[in-house]
Amino acid sequence: MTQPQIIVFAILGALLVLLIWGRWRYDVVSFSALLVAVVLGVVPVGEAFSGFGHPATITVAAVLVLSRVLALSGAVDPAMKALRPLEASKTGYIAGLSGLGALLSAMMNNVGTLGLLMPIAVQTAKRLGRPTGLLLMPLSFATILGGLITMIGTPPNIIIAAYRIEVSGEPFGMFDFTPVGLVTAFVGIVFVAIVGWRLIPLRDPKGVGGSDLFDIAGYTTELMVPKDSPHIGKTLSEIDEESGEIDVVIIDLIRKGRRFPGTSTNKELRAGDVLKLEAGAEDLDRFIATFGFELANPMGKASDSESEEDLSLSEAVVKPGSRLDGREVGRLRLFKNRSVSLLAVSRRGQPFRGRLRQFRLR
């Protein structure tokens with residue numbers, strides 16, 4: 001074994017250990033491994049970043065954009081409704097959900113499909129009183145199997161197709177993978193639906209410590225009606241009707257410090273009104289995309305230059321010993337100091353329904 005080969009395997013080994021350890025973000029670890037390879041001379045400097053312009057990378061990025069569009073548009077909702085009659089049977093529902101996951105994975109990235117269907121699977125398991133793993137693991141396998149059906153279904157297929165062009169000049173077509181991939185996916189899903197789910201170890205459906213870490217549907221969020229909103233003048237009842245299948249509950253309408261309950265269906269919206277609503281992350285995204293309301297920042301106002309593309313939604317836990325423990329949200333000035341907006345809080349599985357500025361973290 002040559003010296004460059006030894007260096008490459010050493011870098012890969014260290015990369016694997018760091019990824020398993022999980023102390024640092026996976027993207028930081030991966031990029032650091034690339035830089036180390038460049039410094040040690042096993043990767044030419046001129047080709048260090050050539051992978052970012054590879055057709056496979058661009059295709060995967062485009063497919064992820066498509067996945068996000070499908071998630072926000074609610075295009076999957078009719079299919080999920082069609083699965084409702086199967087909920088009485090574990091085998092039937094797992095087969096239906098897995099089949100849907102495989103079908104979507106064939107047309108979009110399998111990771112994007114999993115991200116799209118996972119919250120729905122968790123909510124369904126909770127509603128039916130079943131362990132979340134009973135649906136999540138079959139869904140995971142199904143999305144992997146579905147990605148085998150087409151060229152864009154999974155990154156390895158895209159890479160293989162691109163590599164074939166380089167070595168032979170003939171690309172794989174979109175459905176060249178289908179004959180083998182479709183049979184493999186069908187057999188795999190049938191096994192998972194009939195036998196596989198019975199082999200899954202059943203654990204506490206509420207997760208570690210009895211707290212459902214996926215339960216975000218009960219969080220409260222405040223949205224503001226902008227001055228140029230086309231929905232000004234509409235009643236809460238009309239907003240509720242237009243929201244359609246989006247799982248959002250309007251708790252209060254806040255106007256100049258005065259609070260009107262969400263049951264005031266005839267109350268008309270005005271510019272600057274704040275809607276306090278209850279929604280999960282996916283439904284919140286869809287609600288904002290549908291109506292164009294803005295996130296009401298309890299700690300400050302976002303600058304005009306800040307766009308939606310610069311924002312990301314995350315969940316965090318206040319750990320014992322944290323400097324946030326015992327602090328009041330309004331005094332933290334999170335937005336001014338850290339460019340962080342607190343949208344919702346939950347304690348011991350129960351959402352906080354008061355004004356976020358007055359909430360004391362624990």
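Me: Helices (H or I, at least four residues) and strands (E, at least two) are DSSP runs, numbered from the N terminus. How many helices and strands does the protein chain have?

Reply: This is a predicted model, where local features need pLDDT (the predictor's confidence in each residue, from 0 to 100) of at least 70, side-chain atom pairs count only at pLDDT 80 or more, and totals for chains, interfaces and linings use all residues. Residues are numbered from 1 along each chain as its sequence is written, and side-chain values use heavy atoms, leaving out hydrogens and water. With that settled, the secondary structure of the protein chain comes to 13 helices and seven strands.

Me: Which element of the protein chain has the highest mean pLDDT?

Reply: Over the chain as a whole, pLDDT averages 79, and 82% of the residues score at least 70. Ranking the elements by mean pLDDT puts helix H13 (residues 334-338) lowest, at 67. The highest mean, 92, belongs to residues 178-194, which form helix H9.

Me: How many contacts beyond four places in sequence does the model have for residues 204-217?

Reply: Handle this stretch with care, since where pLDDT is low, the predicted coordinates should not be read in detail. Residues 298-309 have a pLDDT below 50, with 17 contacts (heavy atoms within 4.5 Å) beyond near neighbours in sequence. For residues 204-217, pLDDT stays under 50, and the number of contacts in the model is 18.

Me: What share of the 362 residues in the protein chain is buried?

Reply: Here buried means under 20% relative accessible area, exposed over 50%, and partly exposed in between (1.4 Å probe, protein chains only). Counting contacts with a separation of 6 or more, 70% join residues 24 or more positions apart. As for burial among the 362 residues, the share is 36%.

Me: Which residues have the most contacts inside the largest nonpolar core?

Reply: A nonpolar core is a set of buried Ala, Val, Leu, Ile, Met, Phe, Trp, Tyr and Cys residues joined through side-chain atoms within 4.5 Å. The largest one has 20 residues, and helices H5 (90-107), H6 (110-128) and H7 (133-146) each give two or more of them. A second, separate core has 18 residues, including Val-225, Leu-253, Ala-279 and Phe-293. Back in the largest core, the residues with the most contacts are Met-80, Leu-97 and Leu-135.

Me: Which residues does Leu-135 contact, leaving aside its neighbours within four places in sequence?

Reply: In soluble globular proteins, nonpolar side chains tend to be buried together. Leu-135 belongs to the largest nonpolar core and ranks there among the residues with the most contacts. Its partners, with neighbours within four places set aside, are Tyr-93, Ile-94, Leu-97, Ala-121, Thr-124 and Ala-125.

Me: Is Ser-98 buried or exposed?

Reply: Ser-98 sits in helix H5. Beyond four places in sequence, its contacts are Pro-138, Leu-139, Ala-142 and Ile-189. Because its relative accessibility is 2%, Ser-98 counts as buried.

Me: Why does Glu-87 count as buried?

Reply: Start with its place, the loop between helix H4 (77-82) and H5. Glu-87 touches Tyr-93, Thr-124, Arg-127, Leu-128 and Arg-130, not counting residues up to four places away in sequence. Glu-87 counts as buried because its relative accessibility is 12%.

Me: Is Lys-227 buried or exposed?

Reply: You will find Lys-227 in the loop between strand E1 (220-224) and helix H10 (236-242). Lys-227 does have contacts beyond four places in sequence, with Ile-232 and Ala-271. Arg-270 is 43 residues away in sequence and 8.1 Å away in space, C-alpha to C-alpha. Since the relative accessibility of Lys-227 is 77%, this lysine counts as exposed.

Me: What is the relative accessible area of Phe-49?

Reply: Phe-49 is placed in the loop between helix H2 (26-39) and helix H3 (55-73). Setting aside residues up to four places away, Phe-49 touches Phe-31 and Leu-34. Leu-34 is 15 residues away in sequence, with the two C-alpha atoms 9.0 Å apart. Phe-49 is partly exposed because its relative accessible area is 46%.

Me: How far apart in space are Ala-79 and Leu-100, C-alpha to C-alpha?

Reply: Ala-79 belongs to helix H4, and Ala-79 is partly exposed, with a relative accessible area of 27%. In sequence, Ala-79 and Leu-100 are 21 residues apart. In space, their C-alpha distance is 7.8 Å.
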